[in-house]
Amino acid sequence: MRATEQPWTFASLLHRRADATGGELMLEDMAGRQLSFGEYADAVLRSAATIDPRVPVAWQLPTSIDAAVMAGALAYRGATQVPLLPVWRQKEVAFAVDQVG
């Protein structure tokens, strides 16, 4: 564990798993795209670098590796996130977004 991390945070668990089993398969999508635990951690860290944790983020992506990376990056930075289901209509999306301001 890195000295600046608290135990059992998303960040600490991400680093622990990548350090322990970085080369093992973590995700595979229906098109055959794969990410190992180490590749996932790298993708999360790259995405997290662009996130301001003070700004709530509503996002709508299909169930995919990209969605898993987005959720991980937001969790890594401690940002408030509102994942929106792709099947939601405007009314449901507007309600969810209004709840976080």
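Which residue takes a positive phi in the hairpin of S1 and S2? We will come to that in the first exercise, after a word on conventions. This is a predicted model, in which local features need pLDDT of at least 70 and side-chain atom pairs count only at pLDDT 80 or more, while totals for chains, interfaces and linings use all residues. Residues are numbered from 1 along each chain as its sequence is written, and side-chain values use heavy atoms, with hydrogens and water left out.

**Exercise 1. The hairpin**

Describe the pairing of S1 and S2, and find the residue with positive phi.

Solution. Start with the elements: helices (H or I, at least four residues) and strands (E, at least two) are DSSP runs, numbered from the N terminus. S1 covers residues 25-28 and S2 residues 34-36. The two strands pair in the antiparallel sense over 3 bridges; two strands pair if DSSP finds at least two bridges between them. Next, locate a facing pair: Glu 28 stands opposite Gln 34 in S2. Finally, look at the 5 residues between the strands, where Gly 32 takes a positive phi near 95 degrees.

**Exercise 2. The overall layout**

State how many helices and strands the protein has, and in what order they run.

Solution. Count first: the protein has 4 helices and 4 strands. Then follow the chain from the N terminus, which gives the order α-β-β-α-β-α-β-α. For the dimensions, the C-alpha trace spans about 45 × 35 × 20 Å along its principal axes. Of the 101 residues, 30% count as buried (buried means under 20% relative accessible area, exposed over 50%, partly exposed in between, with a 1.4 Å probe and protein chains only). As a last step, take the contacts with a separation of 6 or more: residues 24 or more positions apart account for 49% of them (contact means heavy atoms within 4.5 Å).

**Exercise 3. Two helix packings**

Give the angle, axis distance and handedness for H1 with H2, and then for H2 with H3.

Solution. Two packed helices are described by the angle between their axes and the distance between the axes. Here axes are lines fitted to C-alpha atoms, for helices over the stretch in contact, and angles run from 0 to 180 degrees between N-to-C directions.

Step one is H1 (residues 10-21) with H2 (residues 37-48). They pack at an angle of about 145 degrees, with their axes 8 Å apart, and the crossing is left-handed. A crossing is left-handed if the near helix is turned anticlockwise from the far one by less than a right angle, and right-handed if clockwise. H1 contributes residues including Phe 10, Leu 14 and Ala 18 to the contact, and H2 residues including Tyr 40, Val 44 and Leu 45. By class, this contact has 8 nonpolar, 3 polar and 1 charged residues (Ala, Val, Leu, Ile, Met, Phe, Trp, Tyr, Cys and Pro count as nonpolar, Asp, Glu, Lys and Arg as charged, and the others, Gly among them, as polar).

Step two is H2 with H3 (residues 65-77). Their axes come within 8 Å and cross at roughly 60 degrees, in a right-handed crossing. Among the residues that meet are Tyr 40, Ala 43 and Val 44 in H2 and Ala 68, Gly 72 and Tyr 76 in H3. The contact of H2 with H3 divides into 9 nonpolar, 2 polar and 1 charged residues.

**Exercise 4. Buried or exposed?**

Place Ser 12, Glu 24, Arg 54 and Gln 99 by accessibility, and add their surroundings.

Solution. Take them in chain order.

- Ser 12 lies in H1 and is buried because its relative accessible area is 0%. Its side chain reaches the backbone nitrogen of Trp 8 at 3.1 Å.
- Glu 24, in the loop between H1 and S1, is partly exposed at 44%. Not counting residues up to four places away in sequence, Glu 24 touches Arg 17, Ser 36 and Phe 37.
- Arg 54 sits in the loop between H2 and S3 (57-59), and its 72% relative accessibility makes it exposed. The C-alpha atoms of Arg 54 and Arg 77 are separated by 9.4 Å.
- Gln 99, in H4 (residues 90-100), is exposed at 55%. From Gln 99 to Leu 45 the C-alpha distance is 28 Å.

Definitions and conventions: Polar contact = N/O pair within 3.5 Å; in protein donor to acceptor, adjacent residues only side chain to side chain.
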